Amino acid sequence: MAQPTDPDPRATLRGGLPDRYLTPDDIAEMFEVPLETVYQWRKKRTGPPGFRIGKHLRYDPADVRAYVSQRKSAYQGAA
């Protein structure tokens, strides 16, 4: 009988986020917002920090997790 494989330890370190850089489409899907909202966040510097690889915009999953944690802390502090 086959043993279940252990989950990828990198996924655990990233808190369940993929072990690859995320695209704007990924961010829009994760936050359930229109893609245009992601681009507006970038323009206004209010969303998770992104960076360019040539002409492509990418997001580090660790930065996205930190952004979510920061937003949650700010929301709880305001309540």
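**A friendly note on this predicted model**

1. Let's start with Asp 26, which sits in helix α2, a helix spanning residues 24–31. Please keep in mind that this is a predicted model, and that the points below describe what its coordinates show.

2. Is Asp 26 buried or exposed? Its relative accessibility is 17%, and because buried means under 20% relative accessible area, Asp 26 counts as buried.

3. What does the side chain of Asp 26 reach? You will find the backbone nitrogen of Thr 23 at 2.9 Å from it. Setting aside neighbours within four places in sequence, Asp 26 is also in contact with Arg 20 and Tyr 21.

4. Now for the wider chain. The chain has four helices and two strands, and reading from the N terminus the order is α-α-α-β-β-α. Both strands therefore come after helix α3 and before helix α4 in that order.

5. On burial and surface, 20% of the 79 residues are buried. The chain exposes about 6,300 Å², with carbon and sulfur atoms supplying 53% of that area. As for contacts between residues at least 6 apart in sequence, 44% of them join residues at least 24 apart.

6. The aromatic residues deserve a look of their own. The structure holds three aromatic pairs. One of them joins Phe 31 and Trp 41 in an edge-to-face arrangement, 5.8 Å centre to centre and with 80° between the planes. Phe 31 belongs to helix α2 and Trp 41 to helix α3 (residues 35–44), so this pair ties together parts that are 10 residues apart in sequence.

7. Phe 31 also pairs with Tyr 67, again edge-to-face, at 6.3 Å centre to centre with 90° between the planes. This pair links distant parts of the chain, since Phe 31 is in helix α2 while Tyr 67 is in helix α4 (residues 61–78), 36 residues apart.

8. How exposed are Phe 31 and Tyr 67? Phe 31 is partly exposed, because its relative accessible area is 26% and the partly exposed class lies between 20% and 50%. Tyr 67 has a relative accessible area of 11%, so this residue is buried.

9. To put the rings together, Phe 31, Trp 41 and Tyr 67 form one aromatic cluster. When you open the model, helix α2 is a good place to begin, as both Asp 26 and Phe 31 are found there.

How values were computed
Residues are numbered from 1 along each chain as its sequence is written. This is a predicted model: local features need pLDDT of at least 70, side-chain atom pairs count only at pLDDT 80 or more; totals for chains, interfaces and linings use all residues. Side-chain values use heavy atoms; hydrogens and water are left out. Buried means under 20% relative accessible area, exposed over 50%, partly exposed in between (1.4 Å probe, protein chains only). Contact means heavy atoms within 4.5 Å. Accessible areas come from the Shrake-Rupley method with a 1.4 Å probe; for residues, only the protein chains shown count as cover. A polar contact is a pair of N or O atoms within 3.5 Å; within protein, one must be able to donate a hydrogen and the other to accept it, and residues adjacent in sequence count only if both atoms are side-chain atoms. Rings of Phe, Tyr and Trp (its six-membered ring) pair if their centres lie within 6.5 Å; planes under 30 degrees apart count as stacked, over 60 as edge-to-face and the rest as tilted.
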